[in-house]
Amino acid sequence: MTTAMTETTKIRLADFSFRYGKNEVLRQISGQFFENRLTAIVGPSGSGKSTLLSVCNRLWTELPEAKVAGKAEIQLGGEWRDLCDRRAPSQQLRRKVGMVFQTPNPLPMSIFRNVAFPLKLAGIRDREEIAQRVEDSLHRTLLWDEVKKRLDSDARLLSGGQQQRLCIARSLVLEPEVLLLDEPTSALDRTAAAGIEELLIGLKKDCTLVMVSHYLEQVERLADGVFEMSGGILRRLDSTYSR
Amino acid sequence: MSIFSRIVERLFSLAAAGSALLTIAVFLLLLYLALPLFEQGGFWALIRSPWDPGAGLYGIYPMLIGSLSIAFLALLIGFPLSLGGAFFITCFAPLFLRRHLLNLVRLLTGVPTVVYSFAALFLLVPFLREHLTGGSGLNILGAALMLAVLIAPTMIIFFVDALRRVPSGYLQAVTALGGSPGQGLVYIALPLAWPGILNGLLLGLGRAMGDTMISLMIAGNAVALPGSMMDSARTLTAHIALVIAADVSSLEFQSIFACGILLYLFTALLVLMVRLLGKFPKRSPG
Amino acid sequence: MNRFGELLLALFSWCCTLLLTATVGILMLFLLRRGLPAFDAALFFGDTPPLAALLLSKPVFDGLFPALFGTLALVLLAIACAVPVGLAAGIYLAEYAAPAPKRLLNLFFDVLAGIPSIVIGLAGFALAIVLHRTFSGRIGHCLLLSALSLAFLVLPYLIRSTQNALEAIDPVTRRTALALGASKLQNILYVLLPNRLADLTGGVILAVGRCAEDTAVIMLTGVVASAGIPNSLLRQYEALPFYIYYISSQYSGPEELQRGFAAALVLLSLCVALFLLAFFIQRRLKERLLYR
């Protein structure tokens, strides 16, 4: 089903290359990711999928040996930002471009503090606002009912699926425009993975989602557009462009 | 980046640079106070001549020899002991013992030197005096024995670390081929771990050369050139501790800065050797 | 290697281990046997009432109390000076330094860690001479000078333990807060340091032990056999390790010698207790919530 809505470009790459030390990880790739769509990137491990995600939130600048060339830009709040400039400030951008990792990575603090942590980083001190936004975020990840009675317990005691939803909630609390997902379900069992998939579909209405995945079935179910990464080359797979 | 971050980052770098500069400052300070010796060209003469205040000779040659002989004898005793201990912990000890033994060895590195020397002074020294060496019992052998006990835990920790860093797959391969644990140790682990073992040996030597209390309390502090390990001797470190009370402007006093410089240079040399060792290409087990 | 060689090697390992543990064991038992009988209130406070001594209202003449007090003051001062610098330098090395300066700094700190403590003491002593010459004031051997020298002695250990602790953090934890928009400093303060608090505390405690046991540094920078409780940082003081050394060469009778054994036992238990504390913290604290 293709909606009548015109597709707005959120992230665009043109002849973009990425080197790490002597390795050429991404080779002159080009492509576009659209707003309110879930774009999936598939391909063998080590092909540069995760690297591409780390370009989108400028996490690559934390690697001293990384070098980039070509063009990579992201549109936030209607304004285009360069992703290639190593010295440009990254914090504001990362607050608008959330990231969820393969293994759930709750910090060793309480459930509430985990979700409130990004707000603390952003310098928000109003306690009511924090409580409200944490609750909203946990609602959006369908976690609120499960944890509302034990917000003060250690986040690491949650099940794997709950932990991953907590990590998504932690990213959503900053109301990001883009959410990057690095194989978000591969460390989880089938039921937990289904829960994550369900909530991702719900997120499309106010987020741009870019997801690296190993599971073709999952990609079939969720993705609006699919790219294949292989040997550092990005290729659009239009045949699975179904929704 | 906020101004606060910038200030904090600057403080971090200042702390690091300052600490490094202090390392040089120590050397320069010693050099400055030993300067009168250099001006008279006496520095090298001092290192080569004997100590005889009556004849106006304040050479530290006997102390240099004392330090070297005690340290190397300690290493000669301590190295095989530590190697055996490390073999035991990594290979021969019953499994339940290994972790506890290693923790015990770690604990031993924290035993105060002065406690070791005090106990040895009233137990080992009388024993040596009555049964082995005669005389006062304060001699090179006693000091070296205690130093060996002192540096053994440090060396064992390094050796165990080096042996454990050998990929366990190699050792499993030996076992799978019907080899014994001892064969795995001798044919696979040792050839791979030798840089780490040499590293531990050099650090042990550094500790032995740098120790003050054991040689000060047990070696007897005689200023004559020692002839055998039954003789009493004075080390560079003990010499510094003993002469410190002398008149500040005397030649006798200045000799302790020569001792300090020698000890500093020796340490730096050992560290450089360890560094070079780290650059060695890893040899495959043959 | 045949069966016989294998057996020989195992035998050798057993013997070495037994010999080492037996030697240390015998020395410790000897200390216990000679030192334990001297343990009573008089050992610490002499003829002074313990409470009066603890409140510093009456001086203690022949007890370990002034030496213990001196060691405590010394250790607190030295650690207070060394910890901020050591942590900061360790953080810089692990998180900020570029590869080339890092190699150079590492070399310097390796040299620093290897300098014999008597040479550090000599440097402190030399500093006092130079200050004396330059300002011709009464800046001499004192508690402050000893504490600064000791701080310098343990600085490389603190730097190393901080650096190693931070460098051991896994990349996922390292990136978590960054991906949420944390600045580098926020990441260090809110995530990386709390994550390694157990190791950092353990490192500090081991440094405390190193300060408490060192004799060579303080011998050259201000400790004396009898000074009572120092009333200023610029005074000379007593300390436990030096007391033990002093007794070993100057004891006047069996009773005083026995006090020396008891003092050695006190210092030994202090260092063992500190080690066990560090061990316990590194083990247990990891499981607790350390973030705020």
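Contact here means that heavy atoms lie within 4.5 Å of one another. By that standard, chain A and chain B of this predicted model do not touch, although their nearest C-alpha atoms are 7 Å apart.

**Figure 1. Chains A, B and C, viewed for where they touch.** Two pairs of chains touch in this model, and of these the pair made by chains B and C has the most contacts. Chain A and chain B do not form such a pair, since these chains do not touch.

**Figure 2. Chain A as a whole, with eight helices and ten strands.** The radius of gyration of chain A is 18 Å, close to the 18 Å that the globule rule gives for 243 residues, so chain A is as compact as a globular protein of that length. Measured out along the principal axes in the computed model, the C-alpha trace of chain A spans about 50 × 40 × 35 Å. Of the contacts in chain A between residues at least 6 apart in sequence, 70% join residues at least 24 apart.

**Figure 3. The surface and the charges of chain A.** Buried residues account for 54% of the 243 residues in chain A. The accessible surface of chain A amounts to about 11300 Å², and 48% of that surface belongs to carbon and sulfur atoms. Chain A carries 35 positive and 32 negative charges, and the mean positions of these two sets are 4 Å apart.

**Figure 4. The hairpin of strand 4 and strand 5 in chain A.** Strand 4 (residues 66–76) and strand 5 (residues 79–82) of chain A run antiparallel, and four bridges join them. One position to look for is A:Glu73, whose bridge partner in strand 5 of chain A is A:Asp82. Two residues stand between the strands of this hairpin, where A:Gly77 takes a positive phi near 60°. As background for reading such a view, the side chains in a regular strand alternate between the two faces of the sheet.

**Figure 5. Two residues of chain A with a positive phi, A:Gln28 and A:Asn36.** A:Gln28 is not a glycine, yet this residue has a positive phi of about 45°; A:Gln28 lies in strand 2 (residues 23–34) of chain A. Is A:Gln28 buried or exposed? With a relative accessible area of 57%, A:Gln28 is exposed, because a value over 50% counts as exposed. A:Asn36 is likewise not a glycine and has a positive phi of about 55°, but the place of A:Asn36 is in the loop between strand 2 and strand 3 (38–42) of chain A.

**Figure 6. Chain B as a whole, with twelve helices and two strands.** Read from the N terminus on, the elements of chain B follow the order α-α-α-β-β-α-α-α-α-α-α-α-α-α. Taken along the principal axes, the C-alpha atoms of chain B fill a box of roughly 70 × 70 × 35 Å. Of the contacts in chain B between residues at least 6 apart in sequence, 69% join residues at least 24 apart.

**Figure 7. The surface and the charges of chain B.** Of the 286 residues of chain B, 55% count as buried. The accessible surface of chain B comes to about 12400 Å², and carbon and sulfur atoms make up 69% of that surface. Chain B has 15 positive and 9 negative charges, and the mean positions of these two sets are 22 Å apart.

Definitions and conventions:
Residues numbered from 1 in each chain as written. Chains lettered and ligands numbered in written order. Predicted model: local features only at pLDDT ≥ 70, side-chain atom pairs only at ≥ 80, totals over all residues. Heavy atoms only, no water. Rg over C-alpha atoms; globule rule 2.2 N^0.38 Å. Buried < 20%, exposed > 50% of the residue type's maximum accessible area, 1.4 Å probe, protein only. Areas by Shrake-Rupley, 256 points an atom, 1.4 Å probe, with all protein chains shown as cover. Lys, Arg positive; Asp, Glu negative; His and termini not counted. Charge placed at Lys NZ, Arg CZ, Asp CG, Glu CD. Pairing = 2+ DSSP bridges.
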